[in-house]
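Trainee: Could we go through this one together? I'd like to see how the labels get earned.

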Amino acid sequence: MPLNALHRDLVRRSVWIAIYLLFILAPLFALLAGALPPARDFWTEFSVALGYSGLAMMGLQFGLTARFRHVTEPWGEDVIYHFHRRVSLIAVALVVVHPLILLATGSDKLAPPASLAEVPLGAVFAMLSLGALIVLVVMALWRTRLKISYEFWHATHILLALVAVGGGLFHMVGWGFYLADPLKRALWIGMTIFWMALLGYVRVVKPLFMLRRPYRVAEVRQERGDTTTLVMRPEGHAGFRFRPGQFGWLTLWGSPFKITGHPFSFSSSAEAADGRVEMTIRNLGDFTSGVSKVPVGQRVYLDGPYGAFTIGNPADMHVLIAGGIGITPMVSMIRTLADRGDKRPLILLYGGKDLESLTFREELDALAKRIDLTVVYVLSRPPEGWTGERGYIGAEVFKRHLPPRYADHEYFICGPNVMMDAIEAALGEMKVPLSKYHSERYSFV
Ligand SMILES: Cc1cc2nc3c(=O)[nH]c(=O)nc-3n(C[C@H](O)[C@H](O)[C@H](O)COP(=O)(O)OP(=O)(O)OC[C@H]3O[C@@H](n4cnc5c(N)ncnc54)[C@H](O)[C@@H]3O)c2cc1C
């Protein structure tokens, strides 16, 4: 990526951060504008400010997860989801601390009513919102431990978020005080409708668009390592262009209105003809286990391209580091450079259990003869007589295979989380600046 592109990314990041802060802070400051109700004690006002901030942060989560390409591109989807998780925890903490402060200061707002019928509606909504938030956080943090399927978790996550934000708004409106002012009330109600409309955009508008742009499975190819490649062609439209390393959301069974799509990197060359795209999918769970049985001719839906994991920065050499199914974005990069006749040197460090698990092995060996590509296989369970690298990819493997000016190369890492953490740590030790390495994590949650 030329320098002006790097600057453009920096400007885009700064603009989006400014917009994000504006959306959080402006509605808070708006509460202080114009005529104000009589001031209450410091702790009450402080606790109320926390409640409002928490709601604004929660509402904006709908924007973060709305898959707006312009928003996510400067960072990469995994970073956005990571941010989403962290900000959610902060927002929930603010919302939970809000009544705790009132409780600790003995506020009369929390005094028990004489009978259930006298519980103010504002308080009922507060409890509903808080309850939904607590369940949402517990399910998000401990989904796998609670053995909740991804699909069920995803659907309830959206529902709970709607109840939490909707309940929060009704609580504020019901309580009046700042929102007794009709203009301020209209602002917060309008903002909540806007947040929910963002969800409507992802769940209704985008699927409608995808419905008109279906794909057909043209070929189902079995690959090494319990892995299947789906070759998909656009039906009645030109498809989209992607950059090698990017990914898309695949809906295989059912309509694009289905709540859960599955993300997969494109494994084909970005130069493939007729809008054809390929995804190479390893059998790892209930959805992926069905991929090898997909019939040719099946109609599927693709939402993409997404992601910032792509070649482009100036570098003397691109170092691609793949573990397991993390080979898919790398093979797309290699195929694309080969199709473009690109002469830049590439080195692929590819870790796997054994030779049988190395998807695309034969093709990679063939490509290494055509372009300036060096492939180094690193096997954790090598066969007898194996003379290549064994164990795991790390600093020692880098030192044996990379030219020593390590900080001049551009690194791409994709594989299991534990491998990626180890490699990022090794690159840090080798004084490779953070700006020189790019990661694609296959777990958003
Ligand atoms: C950006 C990205 C690119 C990916 N590219 C590839 C690829 O090229 N090839 C490949 O084989 N795999 C890829 N994956 C991983 C793939 O999406 C998951 O393995 C697959 O969705 C698991 O589905 P399952 O129901 O078979 O497994 P399950 O056993 O149900 O899920 C296993 C784990 O995968 C995650 N997961 C499940 N469903 C989803 C979902 N809908 N969205 C996000 N995460 C989910 C969850 O953390 C879950 O615990 C990629 C993931 C991401 C985030």
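**Ligand and strands**

Mentor: Domain 2 (215-306) and domain 3 (318-441) both give residues to the shell around the ligand, so the ligand lies between them; the domain bounds come from an automatic or database assignment. It's a predicted model, where local features need pLDDT of at least 70, side-chain atom pairs pLDDT 80 or more, and totals for chains, interfaces and linings use all residues. Numbering runs from 1 along each chain as its sequence is written, and side-chain values use heavy atoms, leaving out hydrogens and water.

Trainee: What makes the Asp286 side chain and the ligand a polar contact?

Mentor: A polar contact is a pair of N or O atoms within 3.5 Å. An N or O atom in the Asp286 side chain is 2.6 Å from a ligand oxygen, so the pair qualifies. A ligand nitrogen also has a polar backbone atom of Gly261 at 2.7 Å and a polar side-chain atom of Tyr150 at 3.2 Å.

Trainee: How much of the ligand does the protein bury?

Mentor: 88% of the 890 Å² that the ligand exposes when taken alone, by the Shrake-Rupley method with a 1.4 Å probe.

Trainee: Why are S1 (residues 215-223) and S2 said to pair?

Mentor: Strands are DSSP runs of E, at least two residues, numbered from the N terminus. Two of them pair if DSSP finds at least two bridges; S1 and S2 have eight and run antiparallel, so they pair. One bridge sets Val217 against Met232 in S2, and Met232 also stands opposite Val277 in S5.

Note on methods. Polar contact = N/O pair within 3.5 Å; in protein donor to acceptor, adjacent residues only side chain to side chain. Helix = DSSP H or I, 4+ residues; strand = E, 2+ residues; numbered from the N terminus.
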